[in-house]
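Trainee: I'd like a close look at the aromatic side chains in this one, and then at what surrounds them. How many aromatic pairs does the count come to?

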Amino acid sequence: MFLRVGMLEVPVWEVALSIVLMLAAIAFFAWVGARVYRGGVLMYGTSRSLKELRKAFKLK
């Protein structure tokens, strides 16, 4: 988007949409990271596999 804005005339709605999508992605990955971290802290001492990651994600 930075390249497009610098080289072309980009409608304002496209810039706004890209900012909203970026903020939504940041919020989503922060939420996922917080859940995995919280579960991972409670599960210290275990192996780090995909199965354990799923279990850490489900912990509340």
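**A close look at the rings**

Mentor: Let's start with confidence: among the elements of the protein chain, helix α2 has the highest mean pLDDT, 88, and helix α3 (residues 50-58) the lowest, 72. pLDDT is the predictor's own confidence in each residue, on a scale from 0 to 100, and helices here are DSSP runs of H or I with at least four residues, strands being E runs of at least two, numbered from the N terminus. Keep in mind that this is a predicted model: local features need pLDDT of at least 70, side-chain atom pairs count only at pLDDT 80 or more, and totals for chains, interfaces and linings use all residues. Residues are numbered from 1 along each chain as its sequence is written, and side-chain values use heavy atoms, with hydrogens and water left out. Over the whole protein chain the mean pLDDT is 81, with 80% of residues at 70 or more.

The layout is quick to describe: three helices and zero strands, so to speak α-α-α when you read along the sequence.

Now the rings. A pair of aromatic rings is described by the distance of the centres and the angle of the planes. Rings of Phe, Tyr and Trp (for Trp, its six-membered ring) pair if their centres lie within 6.5 Å; planes under 30 degrees apart are called stacked, over 60 edge-to-face, and the rest tilted. That rule gives two aromatic pairs. In one of them, the ring centres of F28 and F29 are 5.2 Å apart and the planes sit at 70°, which is why the pair counts as edge-to-face. The other joins F28 to W31, with 6.3 Å from centre to centre and 35° between the planes, and this one is tilted. Put together, the ring pairs link F28, F29 and W31 into a cluster. F28 and W31 both belong to helix α2 (residues 12-42), three residues apart, or about one turn of the helix.

How covered are those side chains? Buried means under 20% relative accessible area, exposed means over 50%, and partly exposed is in between, using a 1.4 Å probe and protein chains only. F28 has 44% relative accessibility and so is partly exposed, while F29, at 57%, counts as exposed. W31 is partly exposed too, with a relative accessible area of 43%.

The wider surface puts that in context. Buried residues make up 12% of the 60 residues in the protein chain. About 5300 Å² of the protein chain is exposed, and carbon and sulfur atoms supply 74% of that; these areas come from the Shrake-Rupley method with a 1.4 Å probe, and for residues only the protein chains shown count as cover. There's also a nonpolar surface patch of about 380 Å², made by I19, M22, L23 and I26. Patches are built from residues with over 30% relative accessible area and no salt bridge, joining like charges within 9 Å and nonpolar side chains (Val, Leu, Ile, Met, Phe, Trp, Tyr) within 5 Å. M22, one of the patch residues, lies in helix α2 and is partly exposed at 46% relative accessibility.

Next, the ionic side of things. The structure holds one salt bridge, meaning a side-chain nitrogen of Lys or Arg within 4 Å of a carboxyl oxygen of Asp or Glu. Its partners are the side chains of R4 and E14, at 2.9 Å from N to O. R4 lies in helix α1 (residues 2-7) and E14 in helix α2, so the pair ties together parts 10 residues apart in sequence. R4 is partly exposed at 37% relative accessibility, whereas E14 is buried at 18%. Leaving out residues up to four places away in sequence, E14 touches M1 and R4, where contact means heavy atoms within 4.5 Å.

Finally, let's go to V36, which is also in helix α2 and is partly exposed at 23% relative accessibility. L53, in helix α3, is 17 residues from V36 in sequence and 6.9 Å away in space, C-alpha to C-alpha. L53 itself is partly exposed, with a relative accessible area of 39%. V36 and K55 are 19 residues apart in sequence, with 8.8 Å between their C-alpha atoms. When you weigh those distances, remember that helix α3 has the lowest mean pLDDT among the elements.
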